[in-house]
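Q: I would like a close look at the aromatic side chains of this model and at how they sit on their helices. Please keep to the geometry, and then place that part in its surroundings.

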Amino acid sequence: MWHRIRSYTQAILERDPAARSVWDVVFSYPGFHALVLHRIAHALWLRGWHWLARWISHWGRFLTGIEIHPGATIGERVFIDHGMGVVIGETAEIGDDCTIYQGVTLGGTSLGKGTKRHPTLGKGVVVGASSQVLGGFTVGDGAKIGSSAVVTKPVPPGATAVGNPARIILADDVAKREEAAAKLGFSAYGVTQSDDPVSQALRGLIDGTATHDHQITLLWQAVEKLACKLDPNCVPKDAAKGETFEADKWNEVVGK
């Protein structure tokens, strides 16, 4: 257990630039306090001391604002940042190196006792602030849940889920946008650049319109050349100097 607790302090020092020392973490981080109390409650839960485990969990909630059911399984180097309002259900499983921000719920969608009701987070998952992950499915290794997302279906490894209901953006689509975040070790708050599906759709429409505009210009140029061949007195006009669709300007508007 002490090895697991030391891993929590190390994770905070690595991922939070505001953490200045081990003592700072031990005495000032509610996420650390909640995880330590959970280790005690979880050990009692596994030994059948359910009432005492729930009582310790209740006091952990009172002291930190973070509610973790003693039956939940939490791996090493997990970091609950800020943490106020975090709720982790009984059958939830959190893998190593996960980062969870304030207001997150790892909740269930069924009432059946003894069933897997809560989600499983793989290794290195980042769950953004105020996100809701609901159901007994798996969020794959290295996946990211954007802030305020509502996830009710499995998320593939390395993918990003954003929106309500959450839409899945595959890892191949965000690989280039993640290069800068990868240098820092993870994406804070589960947010990556340009990962809003609505903005992506708008950019696709804008780029398509710009392509059509260029094609129409070429067609007009071809028509004018053909007309001038038929009429020797024709004065050719430069169709390219007409009004054009400014794709770059509109891409900036939608946040490219």
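What separates Trp 23 and Phe 27 in helix H2, counted in residues and in helical turns?

A: Trp 23 and Phe 27 are four residues apart in helix H2 (residues 22–28), a separation of about one helical turn. The model is predicted, so everything below describes computed coordinates. An α-helix has 3.6 residues a turn, so residues three or four places apart point the same way.

The wider count is four aromatic pairs in the structure. In the pair from H2, the ring centres of Trp 23 and Phe 27 are 5.8 Å apart and the planes meet at 25°, so this pair is stacked. The angle decides that label, because planes under 30 degrees apart count as stacked. Trp 23 is exposed, at a relative accessible area of 62%, and Phe 27 is exposed too, at 60%.

A second pair joins Trp 55 and Trp 59: their ring centres lie 6.1 Å apart with the planes at 70°, so the arrangement is edge-to-face. Trp 55 and Trp 59 are four residues apart in helix H4 (residues 50–64), again a separation of about one helical turn. Both are partly exposed, with Trp 55 at 43% relative accessibility and Trp 59 at 38%. The contact belongs to a cluster in which ring pairs link Trp 51, Trp 55, Trp 59 and Phe 62. The two pairs thus carry unlike labels: Trp 23 with Phe 27 is stacked, while Trp 55 with Trp 59 is edge-to-face. A pair of aromatic rings is described by the distance of the centres and the angle of the planes.

Helix H4 itself comes next. The 15 residues of H4 should span 21 Å at 1.5 Å a residue, and the end C-alpha atoms are 21 Å apart, in agreement with that value. Its buried residues are Ala 53, Ile 56, Ser 57, Gly 60 and Thr 64. Viewed down the axis of H4, these residues fall within an arc of 100°, so they line one face of the helix. What they pack against is helix H3 (30–46) and strand S1 (67–68). On the face turned away from the buried side, H4 carries the exposed residues Trp 51 and Phe 62, which are also two members of the aromatic cluster. After H4 comes Gly 65, with a positive phi near 80°.

Charged contacts make up another part of the picture, with seven salt bridges in the structure. In one of them, Arg 61 and Glu 67 have their closest N and O atoms 2.9 Å apart. Arg 61 is partly exposed at 43% relative accessibility, and Glu 67 is partly exposed at 31%. In another, Asp 97 and Arg 15 meet at 3.7 Å, N to O. Asp 97 lies in the loop between strand S5 (93–94) and strand S6 (99–100) and Arg 15 in helix H1 (residues 2–15), so the bridge ties together parts that are 82 residues apart in sequence. Arg 15 is buried, at a relative accessible area of 12%, whereas Asp 97 is partly exposed, at 29%. A further bridge, at 3.1 Å from N to O, joins the side chains of Arg 77 and Glu 76. Here the acid, Glu 76, is buried at 18% and Arg 77 is partly exposed at 27%. Arg 15, Glu 76, Arg 77, Asp 96 and Asp 97 form a network linked by salt bridges.

Last, the sheet. Six strands form an open sheet in the order S3-S6-S9-S12-S14-S15, and the pairing is mixed. Strand S3 (79–80) and strand S15 (167–169) stand at the edges with a single partner strand each, so one side of each has no neighbour in the sheet. Within the order, strand S9 (residues 126–127) and strand S12 (residues 144–145) run parallel and are joined by two bridges. Val 127 stands opposite Ile 145 in S12.

Methods. Residues numbered from 1 in each chain as written. Heavy atoms only, no water. Salt bridge = Lys/Arg side-chain N within 4 Å of Asp/Glu carboxyl O. Buried < 20%, exposed > 50% of the residue type's maximum accessible area, 1.4 Å probe, protein only. Phe/Tyr/Trp six-rings, centres within 6.5 Å; stacked < 30°, edge-to-face > 60°. Expected span 1.5 Å × (residues − 1). Arc of directions from axis to C-beta. Contact = heavy atoms within 4.5 Å. Pairing = 2+ DSSP bridges.
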